[in-house]
Every structure is written in structure tokens, then in C-alpha cells.
Amino acid sequence: MKTRYISSVLLPLLLLSVLYISRSCTSAVEGEGSFPYLELAPGTTETIYVGSNDTTVTVNLISNRELEAVSNKSWVTTVMDYNRLRLIIKSNDILKQRHATVTIRDENRACEQQLRVIQDSVSLY
């Protein structure tokens with residue numbers, strides 16, 4: 001009797017509640033209806049080292065959301081093109097290495113990734 005009650009009443013209720021919970025936890029951003037994710041493409045590191053000259057670095061991302069990127073330093077400009085981020089880095093004309101943080105996130109800030117940019121100091125030689 002207990003087995004029949006479990007299989008005919010409790011099991012369907014459990015299944016419906018799991019489906020309801022999983023549906024309510026999904027994101028409706030852009031109508032995609034799945035959990036937002038953001039990660040660096042394979043082979044990409046969270047720290048980017050560049051020389052002291054003007055340079056552009058492209059970072060490939062994996063995400064199911066529209067992304068935005070901002071830098072905390074004016075010498076790093078960010079340009080997002082879907083899942084490709086271009087970092088336009090101005091030359092460093094001081095005798096000290098400098099650091100910047102680039103934050104990549106979706107429009108609802110449900111997922112976020114940070115990159116660190118380290119630029120060499122200008123060389124006197």
C-alpha cells in the first residue's frame with residue numbers, strides 16, 4: 001500500500017515541484033531561459049601581460065548572454081563584440097609597471113569575470 005501511494009501520489013508531486021523549481025531559477029534575459037554563464041575560452045588566462053608600447057589584445061569568451069566590459073583605468077579601452085573582447089592598451093611612458101582590472105559581466109550582473117592587465121614600464125635602453 002505504501003509503495004503504491006509513493007508511486008502514484010508522491011512521485012508525481014516531487015517531479016512537478018522539481019520542474020517548477022528549475023523553471024523558476026532560470027533567467028529570462030533575452031528570452032534564452034537558461035542559467036547565465038560566462039567563462040574564458042580555453043587557453044586564456046585571467047592575467048594578461050603586455051609590453052610598454054601601444055597594443056591590442058583579443059580575449060575570447062564563452063557565454064550565453066550579451067556582455068559588457070569596463071576597465072578601472074583610462075589607459076585600457078574595452079570593445080565588446082559578442083563573445084570577443086578587445087583591449088586597446090595605450091603605451092606606458094613611465095618608469096613603473098602598471099596594473100588595470102577589466103570586469104566583464106552580463107547586463108543583469110548575474111555572471112562576472114575579471115581580467116588583470118599588467119603592462120611593463122617604459123625602457124630607457
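This is a short talk about two sheets, the core they contribute to, and a few residues worth a look.

Hi everyone, thanks for coming. One thing before we start: what you see above is a predicted model.

Let me begin with the sheet that has E1 in it. Four strands make up this open sheet, in the order E1-E3-E6-E5, and the pairing is antiparallel. Which strands stand at the edges here? They are E1, residues 38-40, and E5, residues 76-81; each has a single partner strand, so one side of each is left without a neighbour in the sheet. From one strand to the next, the twist averages 30°.

Now, the other sheet. This one is also open, with 4 strands in the order E2-E8-E7-E4, but its pairing is mixed. E2 and E4 are the edge strands, and since each has a single partner strand, one side of each is left without a neighbour in the sheet. The twist in this sheet averages 20° from one strand to the next.

Let's go back and walk along some of the pairings. E3 covers residues 55-63 and E6 covers residues 84-89, and the two pair in the antiparallel sense over 6 bridges. If you want to check the register, threonine 58 has arginine 86 as its bridge partner in E6, and valine 57 stands opposite leucine 87.

E6 also pairs with E5, again antiparallel and over 6 bridges. There, valine 76 stands opposite isoleucine 89 of E6. E5 and E6 form a hairpin, with 2 residues between them. What is special about the backbone of tyrosine 82? Its phi is positive, about 55°, although tyrosine 82 is not a glycine. This residue sits in the loop between E5 and E6, and tyrosine 82 is exposed, with a relative accessible area of 59%.

There is another residue of that kind for the backbone enthusiasts. Arginine 109 has a positive phi of about 60° and is not a glycine either. You will find arginine 109 in the loop between E7, residues 98-106, and E8. Is arginine 109 buried or exposed? Exposed, at 56% relative accessible area.

In the second sheet, let me pick out E2 and E8. They run parallel and are joined by 4 bridges, and valine 50 has glutamine 119 of E8 as its bridge partner. The side chains of E2, residues 47-50, alternate: Ile48 and Val50 point to one face and are buried, while Thr47 and Tyr49 point to the other and are not. E6 has two faces as well, a covered one with Leu85, Leu87 and Ile89, and an uncovered one with Arg84, Arg86 and Ile88.

That brings us to the core. The largest nonpolar core has 20 residues, and those with the most contacts inside it are Val59, Leu85, Leu87, Val102 and Ile104. Where do its residues come from? E1, E2, E3, E4 (67-71), E6, E7 and E8 each supply at least two of them.

Two residues give a good feel for the surroundings. Leucine 87 has a long contact list once neighbours within four places in sequence are set aside; among its contacts are Ile48, Val57, Val59, Val76, Val102 and Val117. Valine 57, in E3, counts as buried at 17% relative accessibility. Beyond four places in sequence, valine 57 touches Ile48, Val50, Leu85, Arg86, Leu87 and Ile89. Valine 57 and isoleucine 88 are 31 residues apart in sequence, yet their C-alpha atoms are 6.7 Å apart in space.

I'll finish with a polar residue. Glutamine 113 is found in E8, which spans residues 112-119. Why does glutamine 113 count as buried? Because its relative accessible area is 14%, and the cut-off for buried is under 20%. Its side chain makes a polar contact with the side chain of glutamate 46, at 3.3 Å. Setting aside neighbours within four places in sequence, glutamine 113 is also in contact with Leu38, Glu39 and Leu40, along with Val102, Thr103 and Ile104.

That's all from me, and I'm happy to go back to any strand or residue you like.

Key
Residues numbered from 1 in each chain as written. Predicted model: local features only at pLDDT ≥ 70, side-chain atom pairs only at ≥ 80, totals over all residues. Heavy atoms only, no water. Pairing = 2+ DSSP bridges. Axes fitted to C-alpha atoms, helices over the stretch in contact; angles between N-to-C directions. Buried < 20%, exposed > 50% of the residue type's maximum accessible area, 1.4 Å probe, protein only. Polar contact = N/O pair within 3.5 Å; in protein donor to acceptor, adjacent residues only side chain to side chain. Contact = heavy atoms within 4.5 Å. Core = buried A, V, L, I, M, F, W, Y, C linked by side-chain atoms within 4.5 Å.
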